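Biologist: I'm new to this one and would like to start small. Could you take me through a single part of it closely, and then show me how the rest fits around that part?

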Amino acid sequence: MFGTESSLSMFLNTLTPKFYVALTGTSSLISGLILIFEWWYFRKYGTSFIEQVSVSHLRPLLGGVDSSSPSNSNTSNGEADSNRQSVSECKVWRNPLNLFRGAEYNRYTWVTGREPLTYYDMNLSAQDHQTFFTCDSDHLRPADAIMQKAWRERNPQARISAAHEALELEDCATAYILLAEEEATTIMEAERLFKQALKAGESCYRRSQQLQHHGTQYEAQHRRDTNVLVYIKRRLAMCSRKLGRTREAVKMMRDLMKEFPLLSMFNIHENLLESLLELQNYADVQAVLAKYDDISLPKSATICYTAALLKARAVSDKFSPEAASRRGLSTAEMNAVEAIHRAVEFNPHVPKYLLEMKSLILPPEHILKRGDSEAIAYAFFHLQHWKRVEGALNLLHCTWEGTFRMIPYPLEKGHLFYPYPICTETADRELLPMFHEVSVYPKKELPFFILFTAGLCSFTAMLALLTHQFPELMGVFAKAFLSTLFAPLNFIMEKVESILPSSLWHQLTRI
């Protein structure tokens, strides 16, 4: 025993500083190569090579189960879907459920002293109004000429004064619209003004419909009058919904969609979905989804999360994560989880608002699909519907974060949808007020083995540098470290030698 210790001590004393330099340098080189390979593999395939090998090969040997995602077969479908998408990355859309400025946004400002709308958002609304409510022939009618200037005014009081001036000349539908949107302080007052707008709008629509084929000028007038009429009827339906007359609102929306089936730019079906959910008419909700949740149509958080809610509703009341981990997921539960993953991939910001992990604010007048603004707009109106379905929020809480383990990295690849736009954060900061903290897309964290190899490489490189600069001092430290490392082993060997008879120990050392 003492001979072994003396030979070990003699071996450590014969080691030169060059040996330690070579040892630490080689270790640093090897760990650096491992780090480079791990980083390259992670950038290309989105996972750690060491982690994948341990899960794929070592876990089965140790009796584990391969937990690869069952939805990998959908990747090819997702790639095919992404090829069909030709949507601009950061196109801003009109919020289908936008609130009334006078009756809702301004009341919020009066109470809190905060401005819920940004200048950028209101400027986009002004552009929308000029597009929908004006045409080149407005100068032929004095009231329309006044309203054409009113929509360009930045001062709200100047717009309201211009609307009153136009109404003094004649019944002008767009003037009533402006007053209902900005001057009315209650929903009932706004509804009254929209009903007056409806009478004037229907009269103009009938006249322009008869003259639309007489030239391009009359065709433009008819297109403008159509937009005005659709806008008025839709806002009247929204007034009915806000005043509790939900069935009446549903009927008005259905009639409007039948009368003007080609005007999908208003996304009236999203208003219809929200009203049907309020009535808990889930069969009709499913029928609307079957029509609009189509590959060729642009998706929205309302479409994706409503589909997830319907599938979650079938299993959420009896769902238990403990029971599911023991017996596995049933087919219905798997469908619900996949629907949630699909919705979360489309807009990853929604769950934090539905689970009340982030506070809600008033939704903006424009939204960015897949962005924080769309998440706020959806959760503001649909949180009550998720709460009404027993266990739906619990199922969402247990499963939504699993989406990020399936989304490929880097994000340019996508999974079920076209790649997540990287410019959403910038656009959302323009749409949302300053007092709101914009939600940022959750980025994948680096795997443990990449961090470990990076630390190992840095540590061994530092040791090599110190050993080269201070060879004698590092040699003393190395000997002290090795002596400390082997001290427990020496202590155990001494105890064993003191317990065992010397003759038996002599026979064992000879063996």
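My pick is Asp144: is this residue buried or exposed, and what is its relative accessible area?

Modeller: Good place to start, but keep in mind that this is a predicted model. Asp144 is buried: its relative accessible area is 9%, and the cut-off for buried is under 20%. Asp144 also has a charged partner, since it forms a salt bridge with Arg224, with 3.6 Å between the closest N and O atoms. Asp144 sits in helix α7 (residues 142-150) and Arg224 in helix α11 (residues 216-242), so this bridge ties together parts of the chain that are 80 residues apart in sequence. What about the other end? Arg224 is buried too, at a relative accessible area of 4%.

Now for some other charged groups. Arg101, Arg159, Glu182 and Glu365 are joined into one network by salt bridges that share partners. Zoom in on one pair from it: the side chains of Arg101 and Glu365 meet at 2.9 Å, N to O. Arg101 belongs to helix α5 (residues 101-112), while Glu365 is in the loop between α18 and β2 (366-368), so the pair ties together parts 264 residues apart in sequence. Arg101 has a relative accessible area of 10%, so it counts as buried. Glu365 has just 3%, so it is buried as well.

Here's one more pair to look up in the view. In total, the structure holds 19 salt bridges, and one of them brings together the side chains of Arg94 and Asp128, at 3.6 Å from N to O. This pair links distant parts of the chain, 34 residues apart: Arg94 is in strand β1 (residues 92-94) and Asp128 in helix α6 (residues 119-133). Both of these residues are buried. Helix α6 also holds His129, which has a relative accessibility of 10% and so counts as buried. If you set aside neighbours within four places in sequence, His129 is in contact with Arg94, Thr134 and Trp151. That means you can find Arg94 both in the salt bridge with Asp128 and among the contacts of His129.

Let's step back to the chain as a whole. The protein has 24 helices and two strands. Of its 511 residues, 44% count as buried. Look at the contacts between residues at least 6 apart in sequence, and 72% of them join residues at least 24 apart.

Next, the nonpolar inside. The largest nonpolar core has 91 residues, and those touching the most other members are Met147, Ile177, Phe194, Ile232, Tyr305, Leu354 and Trp386. The element that gives the most to this core is helix α15 (residues 301-313), with nine residues. Take Tyr305 as an example: leaving out residues up to four places away in sequence, it touches Ala343, Val344, Asn347, Val350, Pro351, Leu354, Tyr378 and Trp386. Apart from this core lies another one, of six residues, including Leu97, Leu99, Tyr105 and Leu362.

For a change from the buried residues, try Lys352. You'll find Lys352 in helix α18 (residues 350-354). Its relative accessibility is 33%, so Lys352 counts as partly exposed. Beyond its neighbours within four places in sequence, Lys352 is in contact with Met357, Lys358 and Trp400. Its C-alpha is also 9.9 Å from that of Ile376, and the two residues are 24 apart in sequence.

Last stop, the outside. The protein exposes about 27,600 Å², and 58% of that comes from carbon and sulfur atoms. One nonpolar patch on the surface covers about 590 Å² and is made by Phe459, Met462, Leu466, Phe470, Leu473 and Phe477. The elements giving two or more residues to this patch are α22 (448-469) and α23 (471-499), and α22 gives the most, with three. Phe459 is found in helix α22. At a relative accessible area of 46%, Phe459 is partly exposed, because that class runs between the 20% and 50% cut-offs. Set that beside your starting point, Asp144, which is buried at 9%.

Notes. Residues are numbered from 1 along each chain as its sequence is written. This is a predicted model: local features need pLDDT of at least 70, side-chain atom pairs count only at pLDDT 80 or more; totals for chains, interfaces and linings use all residues. Side-chain values use heavy atoms; hydrogens and water are left out. A nonpolar core is a set of buried Ala, Val, Leu, Ile, Met, Phe, Trp, Tyr and Cys residues joined through side-chain atoms within 4.5 Å. Buried means under 20% relative accessible area, exposed over 50%, partly exposed in between (1.4 Å probe, protein chains only). Helices (H or I, at least four residues) and strands (E, at least two) are DSSP runs, numbered from the N terminus. Contact means heavy atoms within 4.5 Å. A salt bridge is a side-chain nitrogen of Lys or Arg within 4 Å of a carboxyl oxygen of Asp or Glu. Accessible areas come from the Shrake-Rupley method with a 1.4 Å probe; for residues, only the protein chains shown count as cover. Patches are made of residues with over 30% relative accessible area and no salt bridge: like charges are joined within 9 Å, nonpolar side chains (Val, Leu, Ile, Met, Phe, Trp, Tyr) within 5 Å.
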